[in-house]
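Welcome to a short tour of a model you can turn around on your own screen. Please keep the sequence and the structure side by side as you read.

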Amino acid sequence: MRNGFRQSMAWLHSWAGLVAGWVLFAMFVTGTATYYRADISRWMRPELPVVQQVPTPDTLAQAAETAVAHLKGAAPNAIAWYVTLPSAADPAVGLTWFTDFARPPGTARLDPATGGPPATRETRGGDFVYHFHYELNLPSTVGRWIAGICAMIGLITLLSGILTHRRIFADFFTFRRGAKSAQRSWLDAHNVVGVLAIPFHLMITYTGIATLALMYMPWGVLAAYQGDEMRFYGETGQITAPVTPAGRPGQLAPVGPMVRQALERISEPLEMLSVDMPGDAKAKVVAVFEEPHGLSHQHPQVAFDGATGAVLEVLNPNLKPASKTFTTMVGLHEAHFAGPALRVLFFLSGLMGAAMVGTGLVLWSVARLPKPGAAPFFGLRLVRVLNLAAIAGLPAALAAYFLANRLLPVGLGARADWEVGAFFAVWLTSAAYAGFRPQVSAWCEMLSASAALFLAVPVVNGLTTGRHPLASAAAGDALYLWFDAAMLGLAGLFAFAAHKARGAEALGRRRSEVTAPPIRSNALERA
Amino acid sequence: MTPLVLLANLALSFAAFAALCLSMNRHHAAAFLAKPSRRTARGLRAAGWAGIVLCFAVSVLAEGWNFGPVQWLGSLSGGALLVVALASYRPTWIRPAALLALPLALVAAFII
């Protein structure tokens with residue numbers, strides 16, 4: 001142990017935090033945005049009316065029939081179909097099908113009334129942000145492993161940070177903005193955002209890992225159930241009992257009547273229909289409902305025999321303590337239970353999490369400033385560029401994602417991919433820019449660019465859709481008003497940060513003139 | 001009415017943390033140009049902790065044992081963040097703001 005416990009914890013904290021920091025920052029930012037996933041999706045489909053009807057049982061039954069008819073044509077040999085049914089938030093039907101669980105699924109969206117493509121623009125909406133949060137836009141398994149490892153390192157960083165922090169209570173309210181050393185101010189900021197929301201940070205990191213714990217540590221279940229994980233999920237009451245395929249082809253009974261029967265048994269909104277082995281004589285159709293209001297994330301389900309349409313099982317979860325603990329952790333992580341007011345607190349806590357990681361990353365580089373006149377070593381230059389790309393680049397990329405949604409032609413082929421492309425194009429450009437510009441100027445310029453992009457979102461939205469704040473207010477469209485306000489708020493935040501960075505730039509220049517007058521370009525680099 | 005419960009919680013937690021903040025020498029000195037007497041410090045500290053407990057009671061009574069603690073912790077983070085912002089930018093505003101927050105919490109609690 002290096003020089004005692006606290007020092008070794010400090011060492012662990014700074015290096016663990018650095019290694020996982022950039023990924024964690026991206027996970028915190030996109031995860032925080034995911035609290036508004038449905039709202040983002042809705043905003044990104046401006047063709048939808050302001051007020052959407054809650055679908056009736058007839059609509060749902062017909063939508064399910066339309067979906068299955070399409071899937072029979074598109075994926076007759078699939079091993080599973082998933083149908084997201086119309087809801088008040090999204091009137092389209094979402095289809096996902098697997099021919100092999102190791103391969104990416106096929107997807108489609110339909111207008112339930114016509115069976116054709118929906119009348120909304122093609123976009124991944126908030127789903128992109130949500131999936132990025134834990135899969136980082138990588139192939140699902142790889143992405144989840146990287147996210148999981150980073151989250152585990154994040155938990156270590158949190159715990160070692162708490163152990164390192166000498167004065168949690170004494171410095172609870174302390175933020176010395178104008179401290180003599182910049183390092184002191186950054187440390188204060190890091191401590192304040194870390195400590196004040198520590199219950200959230202611990203909860204969100206731990207439950208995030210727990211959500212995918214069985215993927216990261218499957219061996220217990222695999223050993224106990226001889227490799228049949230589905231039986232485990234069935235026995236713990238998380239899914240309806242699995243059915244062994246018959247191995248001979250069968251005909252699927254009409255799903256419309258199944259949907260109606262399911263709706264008579266469960267009062268929650270119907271969310272999804274899944275069909276296991278749709279072409280098999282023992283196909284199983286499961287109607288999955290939204291979870292009832294509660295901390296625990298558990299979906300009521302009704303399973304049907306696919307061939308006869310008879311009810312196999314009604315799963316209205318009444319879980320045993322261990323499963324209940326698990327679903328409560330998932331529920332806490334996702335916060336589906338949070339109404340608009342509590343959701344704001346979750347959002348704010350998420351921002352504080354992002355701020356904690358961001359200030360920590362900056363602190364690492366500030367604490368290792370080279371001596372006046374000396375050139376920064378390679379590692380420091382690398383960290384600085386990555387910090388810029390993550391902290392200033394990612395928000396700009398998110399704003400670009402929203403802008404692309406409004407600016408790309410509606411009929412463009414593979415439009416949803418172009419939107420995601422715009423996100424990564426801006427992110428990569430910002431990383432390259434950070435690599436070529438002097439450190440301090442880059443902070444100011446890139447933060448200003450983020451502010452400008454966020455400012456552009458409501459402007460471009462108003463120009464392209466005509467749903468500017470006045471129109472939204474007149475139409476009683478709270479979502480558009482809030483979205484505009486949030487974008488302006490973010491623009492203000494980044495403008496403020498850019499202003500601060502400009503102050504630091506000026507300060508750095510003054511300081512460099514005093515300490516090392518002959519080498520001005522180098523001094524800029526250093527500051 | 002959840003937004004009102006949240007308002008009451010936030011106001012209470014803000015007032016409680018403001019009292020705790022002002023019970024500390026450094027912040028008291030920044031707000032009042034003098035260190036607090038030992039009695040004042042102890043009184044403020046007691047009031048602060050009482051406020052945090054009261055905040056817990058309000059959220060559990062209004063939101064139940066499931067959501068109450070979640071909302072309590074969330075509003076503690078929110079309230080404390082406000083206090084830190086004031087302590088850093090406008091320390092002299094902490095006391096009046098806390099004195100304003102208390103009746104606000106009371107009104108919100110009554111409407112609930």
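Two residues are taken to be in contact if their C-beta atoms, placed from the backbone, lie within 7 Å. This is a predicted model, so local features are described only where pLDDT is at least 70.

With that rule in hand, try V83(B). Leaving aside neighbours within four places in sequence, V83(B) is in contact with F173(A) from the other chain, and its partners in chain B are F14(B), F17(B), A18(B), C21(B) and I94(B).

**The nonpolar cores**

V83(B) also stands out in the largest nonpolar core, a set of 135 residues in which F25(A) and V83(B) have the most contacts. Helix α14 of chain A, residues 378-407, contributes 18 residues to this core, the most of any element. Domain 1 and domain 3 of chain A both supply residues, so the core lies between them. A second core is separate from this one and has 37 residues, including A61(A), V68(A), A287(A) and F289(A).

**Where the chains meet**

The contact between the chains takes 19 residues from chain A and 19 residues from chain B. On the chain B side, α1 (2-22) and α3 (38-89) are the elements that give two or more residues, and α3(B) gives the most, with 14 residues. What kinds of residue make up the side of chain B that touches chain A? They divide into 10 nonpolar and nine polar, with no charged residue.

**The domains of chain A**

Chain A is divided into domain 1 (1-44 + 123-228 + 361-367), domain 2 (57-122 + 239-318) and domain 3 (372-527). The C-alpha centres of domain 1 and domain 2 of chain A lie 35 Å apart. Four residues of domain 1 are in contact with four residues of domain 2 in this chain. On the domain 1 side, those residues divide into one nonpolar, two polar and one charged.

**Two loop residues with positive phi**

Two residues of chain A that are not glycine have a positive phi, and the table sets them out.

| Residue | Phi | Loop in chain A | C-beta neighbours inside 10 Å |
|---|---|---|---|
| N137(A) | about 60° | between α4 (125-135) and α5 (140-164) | 12 neighbours |
| A414(A) | near 50° | between α14 and α15 (415-436) | 10 neighbours |

Is N137(A) buried or exposed? A residue with 12 or fewer such neighbours is exposed, so N137(A), with 12, counts as exposed. A414(A) counts as exposed too, with 10.

Technical notes
Residues numbered from 1 in each chain as written. Chains lettered and ligands numbered in written order. Predicted model: local features only at pLDDT ≥ 70, side-chain atom pairs only at ≥ 80, totals over all residues. Core = buried A, V, L, I, M, F, W, Y, C linked by C-beta atoms within 7 Å. Buried ≥ 20, exposed ≤ 12 C-beta atoms within 10 Å, placed from the backbone. Helix = DSSP H or I, 4+ residues; strand = E, 2+ residues; numbered from the N terminus. Domains from an automatic or database assignment. Nonpolar A, V, L, I, M, F, W, Y, C, P; charged D, E, K, R; others polar.
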